Structures are given as structure tokens and as C-alpha cells.
Amino acid sequence: MSEDAKPHLSVMLPEVLAALDAKSGDVIIDATFGAGGYTRAILATGAEVIGLDRDPTVQVHADAVKAQFGDRFQLIQTPFGDLAEAFAESGKARLDGAVFDIGVSSMQLDQAERGFSFMRDGPLDMRMADTGETAADIVNTWEHGPLAHIIKLYGEERQSGRIATAILRRRAEQPFTRTLDLADAIEKALGGRRGAPIHPATRTFQALRIAVNDELGELERGLEAAEQTLVDGGRLVVV
Ligand SMILES: C[S@@+](CC[C@H](N)C(=O)[O-])C[C@H]1O[C@@H](n2cnc3c(N)ncnc32)[C@H](O)[C@@H]1O
């Protein structure tokens with residue numbers, strides 16, 4: 001994907017900048033670099049930015065930021081749960097602020113081959129990084145109990161038991177490999193769309209994405225590490 005394939009809008013950018021209160025010479029961690037929208041705006045204040053992202057495909061955006069801002073910016077490819085280690089690796093002495101813009105990026109959703117979207121046919125992957133268990137691994141191998149549990153807990157899906165049963169039944173005949181296969185199986189299990197405002201697979205896809213990427217564990221580790229690494233009076237902003 002190229003740097004300018006699609007413009008990316010950063011969520012709540014003015015509010016983030018106001019809360020971070022970055023000044024020339026400050027060191028700020030952008031824990032979810034993405035397309036670099038926050039990072040560019042923070043660099044424009046004269047501060048230095050350490051960008052973190054677990055997704056290797058953001059490198060193209062990091063290269064563009066580096067070309068514009070030079071040594072005041074560096075990208076470290078890592079999950080933000082390892083923020084303390086990444087900060088040590090950066091060689092900086094003090095951390096004045098950190099910002100987390102949680103979740104999946106529109107770029108990740110738009111790329112069918114990443115497997116995040118129930119509206120685009122792609123491999124059932126959903127990994128933000130390129131390591132670990134995929135969504136296909138989960139739906140094809142997990143027992144009914146744990147599968148229903150994450151669909152309920154991370155998807156807030158009331159029909160989690162019925163969906164898990166349908167998944168196990170279908171995979172016994174043919175394992176899942178594609179996003180649309182899974183979306184169709186869920187839709188059938190719930191008796192079609194029946195005028196629902198969202199696709200019947202929405203909550204299950206969200207649950208699988210959170211499980212594949214251990215998003216809640218990451219958030220807990222990342223926030224704890226930020227709190228311990230920031231200087232007294234440092235700013236922590238979470239979107
Ligand atoms: C919503 S986007 C961030 C957009 C960014 N604020 C901007 O303005 O372009 C979220 C980004 O965080 C990354 N991400 C999500 N969870 C992560 C984690 N645990 N560690 C590192 N990066 C993560 C994703 O790969 C994605 O690129």
C-alpha cells in the first residue's frame with residue numbers, strides 16, 4: 001500500500017493535541033502510529049515522537065514522516081504492551097507524554113487480504129502483526145465453551161452459544177478459510193438479517209479480532225507501562 005493510497009482521518013485530533021500539550025523538546029510516544037496522523041501533528045509542535053505499531057505495513061507511512069521530520073521521529077515495530085522495553089530501546093531519557101488510539105485502522109479494515117471485514121472476501125486472518133494464531137485457527141480448533149465465551153465477552157453477543165454451535169457443525173464438514181464463509185454461516189445461524197441495523201456477524205467478528213490480537217491484555221500492559229515510564233506530570237491520552 002502506498003503512502004497516499006487513501007487519505008486517513010485521525011479521530012479527535014484537536015482534543016488529543018490539547019490533552020497531550022506537547023512542546024518543543026518534549027518526548028512523546030504515539031503507541032498506535034497507524035498512518036501517522038497524530039505523529040505528524042505532534043512533530044509540528046517541535047516535540048520528538050517515538051511511534052509504535054505492531055503492524056509492519058505502516059512502515060511506508062513511517063518512511064514518509066521520517067523524510068519530512070528526520071531525527072525527531074523514530075518508529076519501533078512492537079506491540080504497545082512492550083512500551084517500557086521500546087522506550088529503553090529508543091535511547092531517550094524522559095517521556096513527557098503518550099497517546100493510544102485503540103483498535104483497528106481503516107486501512108486494515110479496507111484491505112480484504114487482512115481478513116478483518118465481514119463485507120470483503122479474504123482469508124480469515126485478522127492479525128495486526130504477522131505472527132500468532134489467526135481467526136481461522138480459532139474457529140477451526142477451539143472447543144464450543146471457550147469459543148462461545150469470547151463471542152459473548154468480547155462481542156457482547158447474546159446468541160453466542162447458537163453461533164458457536166453453528167461454527168462447530170459447519171467446520172466438521174469443511175473448515176473455515178474465508179471471511180465471507182464465516183459471515184454467511186453466522187447469518188444463517190441467526191436466521192438471516194431480519195431488518196437488523198448491523199450485519200449479524202458484526203459482533204462475532206469484533207470478538208475474534210479482539211481475541212486474535214489479545215487487545216485487552218495489550219491495553220492493560222500498555223497503560224501500566226506508560227504510567228510507570230512517564231515523568232511526574234506526564235500526560236497519558238487514550239482514544
Ligand atoms: C486506529 S489506528 C491509529 C491511527 C493513528 N492515530 C493515525 O492518526 O493515523 C490503530 C493502529 O494501532 C495499531 N495497534 C493496535 N493494537 C496495537 C498494539 N497492541 N500494539 C501496537 N500497535 C497496535 C494498529 O496496527 C493500527 O495501525
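Author: Domain bounds here come from an automatic or database domain assignment. On that basis, this predicted model is divided into domain 1 (13-103 + 217-238) and domain 2 (130-212). The C-alpha centres of domain 1 and domain 2 lie 34 Å apart.

Reader: What makes the pair formed by Ser10 and the ligand a polar contact?

Author: A polar side-chain atom of Ser10 lies 2.6 Å from an oxygen atom of the ligand. The cut-off for a pair of N or O atoms is 3.5 Å, so this pair counts as a polar contact.

Reader: Why do Asp101 and Glu218 also qualify as polar contacts of the ligand?

Author: A ligand nitrogen atom is 2.8 Å from an N or O atom in the side chain of Asp101. For the side chain of Glu218, the corresponding value is 3.0 Å, again to a nitrogen atom of the ligand. Both pairs are within 3.5 Å and therefore qualify. The protein covers 96% of the 600 Å² of accessible area that the ligand has on its own.

Reader: Where does the ligand sit, and which residues are closest?

Author: The ligand occupies the largest pocket. It is surrounded by 23 residues, the closest being Ser10, Asp53, Phe80, Asp101 and Gln108.

Definitions and conventions:
Residues numbered from 1 in each chain as written. Predicted model: local features only at pLDDT ≥ 70, side-chain atom pairs only at ≥ 80, totals over all residues. Heavy atoms only, no water. Near = heavy atom within 4 Å. Polar contact = N/O pair within 3.5 Å; in protein donor to acceptor, adjacent residues only side chain to side chain. Areas by Shrake-Rupley, 256 points an atom, 1.4 Å probe, with all protein chains shown as cover. 1 Å grid on protein atoms, 1.4 Å probe; cavity = no way out; pocket = protein on both sides within 12 Å on 5 of 7 lines; lining within 4 Å. Sits in = over half its atoms within 2 Å of the grid points.
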